[in-house]
Amino acid sequence: MSERNTVIRSLHDLGLAAWFGGSLMGAVGLNGAAQDEGGVEAGRDRISSSGWAKWAPVNAAAVGAHLFGGGGLLAVNAHRVATQQGVGASTAAKTVVTAAALAATAYARILGKKVELASSTDHGDAEQAEKHPIDLDKARRHLAATQWAVPALTGCLVVLNALHGEQQRPVEQVPGMWERARSAAHLMS
């Protein structure tokens, strides 16, 4: 049945936990604190941008750990994905949601950097922002929505991860593999 894959499972789960938790804390706590303490919009942008910029390298490491662990789990469970009924579908769903979460995370960082440059008091940042002008109000709206999309999508990954855990139970594996084999035999006849 299954063997222990503690290291790759830990990378997968801890990476996802940090990705989900950090994005949720940022959307609620960091952005909320910036709203309370920032005064004018540019001040709120600077506070929020500073916090998100400090989180970005940790988030990148978390996403990398999750992806590395996920790839490892996929490799060691390839037989289950291919033979156990339902596992292929949940794996495909998890892949699609992961891609969407990655896209939302990248888009949030791009928008965040634009808002950061546009609101900066640093002369060099202001010059760089002038080279790439943006509609700051539109960027703020998109950024706010995207920063909520990331914890929503990574929360879906947590749920799909729980489903995968349930599918890995021996009581699920044997009937699932039997049903898949029976369906394949029925198609061949």
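# Notebook: a predicted all-helix model

I looked up Glu 166 to begin with, and I found this residue in helix α6. The model I am reading is a predicted one. Glu 166 has a relative accessible area of 42%, so I entered this residue as partly exposed, since that class runs from 20% to 50%. I then took the distance from Glu 166 to Ser 50, and their C-alpha atoms are separated by 40 Å. Along the chain, these two residues are 116 residues apart.

**Entry on the overall fold**

I next asked which elements make up the protein. I counted seven helices and zero strands. Read from the N terminus on, the order of elements is α-α-α-α-α-α-α. Why is the protein described as more spread out than a compact globule? The globule rule gives 16 Å for 189 residues, whereas the radius of gyration is 21 Å, well over that value, so the protein is more spread out than a compact globule. I also noted the box that the C-alpha atoms fill, which is roughly 70 × 30 × 25 Å along the principal axes.

**Entry on burial, surface and contacts**

I looked up how much of the chain is buried: the share is 34% of the 189 residues. The protein exposes about 10,800 Å², and 65% of this area comes from carbon and sulfur atoms. For contacts between residues at least 6 apart in sequence, I recorded that 82% join residues at least 24 apart.

**Entry on charges**

The protein has 17 positive and 16 negative charges. I noted that the mean positions of the two sets are 7 Å apart.

**Entry on the nonpolar cores**

Which residues form the largest nonpolar core? I listed nine: Leu 16, Trp 19, Val 63, Val 97, Ala 101, Ala 104, Val 150, Leu 157 and Leu 160. Two or more residues of this core come from each of α1 (6–37), α4 (87–119) and α6 (136–167). A second core, separate from that one, has five residues, among them Ala 108, Leu 111, Val 115 and Leu 143.

I then followed one member of the largest core, Ala 104. Leaving out residues up to four places away in sequence, Ala 104 touches Thr 146, Ala 149, Val 150 and Leu 153. Of these partners, I had already listed Val 150 in the largest core.

**Entry on two alanines of α4**

Is Ala 103 buried, partly exposed or exposed? Ala 103 lies in helix α4, and at 45% relative accessibility this residue counts as partly exposed. I took the separation of its C-alpha atom from that of Arg 46, and found 24 Å for a pair 57 residues apart along the chain.

Ala 106 also has its place in helix α4. With a relative accessible area of 41%, Ala 106 is partly exposed. The C-alpha atoms of Ala 106 and Val 150 are separated by 9.8 Å, and the two residues are 44 residues apart along the chain.

Key. Residues numbered from 1 in each chain as written. Predicted model: local features only at pLDDT ≥ 70, side-chain atom pairs only at ≥ 80, totals over all residues. Heavy atoms only, no water. Core = buried A, V, L, I, M, F, W, Y, C linked by side-chain atoms within 4.5 Å. Buried < 20%, exposed > 50% of the residue type's maximum accessible area, 1.4 Å probe, protein only. Helix = DSSP H or I, 4+ residues; strand = E, 2+ residues; numbered from the N terminus. Contact = heavy atoms within 4.5 Å. Rg over C-alpha atoms; globule rule 2.2 N^0.38 Å. Areas by Shrake-Rupley, 256 points an atom, 1.4 Å probe, with all protein chains shown as cover. Lys, Arg positive; Asp, Glu negative; His and termini not counted. Charge placed at Lys NZ, Arg CZ, Asp CG, Glu CD.
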